[in-house]
Amino acid sequence: MKKFSWLAGAAAGLLLAGAAQACIEALDLNKMVQRADTAVRGTITNVRSVAYTPPGDDRLIYTLITVEGEDLYTGKARTLEAAFLGGTWQGESMTVTCMPAPSEYRLGNDVVVFSAPVEGWGPEIDRCVYAAMGGIFRVIPSRKGEVVLGKGEGFAIEKNMTLDQLRQGIRVALAAKKQGQSEK
């Protein structure tokens, strides 16, 4: 198996065209909403991997997840297919330090996924899970309703919060984003 030591750094730069170090950048919810153009809350209905070999480079493996549910930016139904760097393709594995844990992207999981367009990841991929492991969050049922599991300091969802709290936080962040664009 080829060594992919350069991929950890490359993943940071590749996550979005022009986004510097998105894989390891600390993103609160406001920053995430500034950078990602959607957040879909739904169920993972498909997980697959693809390989892509950029001209003159080693093969890269991407995992694509399909999430069917609600776009939290618009409130409309949406099916999202988004990728992150790393995975297993035809028995060949590629692990990247910033990729989500397999338990986060299992088929049938309820999740919130932040996503944005991406270029240069091959012909099958046009969207990424923004910030890889920092862009996917599990949703679980609780007595208070659905709870989105936080991942700690430096993540868009730092602490556990109800889905309603997340919706409100996204509304506030979208309003700030719109206000910032209208001031330019």
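**Exercise 1. Strands β1, β2 and β3**

How many bridges join strand β1 (residues 38-52) to β2, and in which sense do the two strands run? Then place β3 and state how far β2 is enclosed.

*Solution.* The model is predicted, so local features need pLDDT of at least 70 and side-chain atom pairs count only at pLDDT 80 or more, while totals for chains, interfaces and linings use all residues. Residues are numbered from 1 along each chain as its sequence is written, and side-chain values use heavy atoms, with hydrogens and water left out.

Step 1. Fix the terms. Helices (H or I, at least four residues) and strands (E, at least two) are DSSP runs numbered from the N terminus. Two strands pair if DSSP finds at least two bridges between them.

Step 2. Count the first pairing. β1 and β2 are joined by 12 bridges and run antiparallel. In this pairing glycine 42 stands opposite glycine 69 in β2.

Step 3. Move to the other pairing. β2 pairs with strand β3 (residues 77-85) in the antiparallel sense, over 9 bridges. Here threonine 66 faces glutamate 81 in β3. The hairpin of β2 and β3 has 5 residues between the strands, and in it glycine 75 takes a positive phi near 80°.

Step 4. Check burial, where buried means under 20% relative accessible area, exposed over 50%, and partly exposed in between (1.4 Å probe, protein chains only). Of the 12 residues of strand β2 (residues 60-71), 9 are buried, so β2 is largely enclosed by the rest of the structure.

**Exercise 2. From β8 to β10**

Trace the pairings from β8 through β9 to β10, and describe the setting of threonine 162.

*Solution.* Step 1. Strand β8 (residues 136-142) and strand β9 (residues 145-148) run antiparallel and are joined by 4 bridges. The hairpin between β8 and β9 passes through 2 residues. Valine 139 is opposite valine 148 in β9.

Step 2. β9 is joined in turn to strand β10 (residues 161-162) by 2 bridges, again antiparallel. Valine 147 stands opposite threonine 162 in β10.

Step 3. Threonine 162 is buried, with a relative accessible area of 15%. Contact means heavy atoms within 4.5 Å. Not counting residues up to four places away in sequence, threonine 162 touches Lys144, Glu146 and Val147.

**Exercise 3. Positive phi before β8**

Which phi values do alanine 131 and alanine 132 take, and are these residues buried or exposed?

*Solution.* Step 1. Alanine 131 is in the loop between β7 (127-129) and β8, and alanine 132 lies in the loop between β7 and β8 as well.

Step 2. Phi is near 65° for alanine 131, a positive value in a residue other than glycine. Alanine 132, not a glycine either, has a positive phi of about 50°.

Step 3. Alanine 131 counts as buried at 4% relative accessibility, and alanine 132 counts as buried at 2%.

**Exercise 4. An aromatic pair**

Classify the pair of phenylalanine 114 and phenylalanine 137, and say what it ties together.

*Solution.* Step 1. Rings of Phe, Tyr and Trp (its six-membered ring) pair if their centres lie within 6.5 Å; planes under 30 degrees apart count as stacked, over 60 as edge-to-face and the rest as tilted. The count by this rule is 3 aromatic pairs.

Step 2. Phenylalanine 114 and phenylalanine 137 are 6.2 Å apart centre to centre, with 90° between the planes, and the pair is edge-to-face.

Step 3. Phenylalanine 114 lies in strand β6 (residues 110-117) and phenylalanine 137 in strand β8, so the pair ties together parts that are 23 residues apart in sequence. Both phenylalanine 114 and phenylalanine 137 are buried.

**Exercise 5. The nonpolar core**

Which residues touch the most other members of the largest nonpolar core, and which element gives the largest share?

*Solution.* Step 1. A nonpolar core is a set of buried Ala, Val, Leu, Ile, Met, Phe, Trp, Tyr and Cys residues joined through side-chain atoms within 4.5 Å.

Step 2. The largest nonpolar core has 52 residues, of which Val112, Phe114, Val148, Leu166 and Ile170 touch the most other members. Two or more residues each come from α2, β1, β2, β3, β6, β7, β8 and α3 (163-182). The largest share of this core, 6 residues, is from β2.

Step 3. Take valine 112: leaving aside its neighbours within four places in sequence, its contacts include Val40, Phe137, Val139, Val148 and Leu166.
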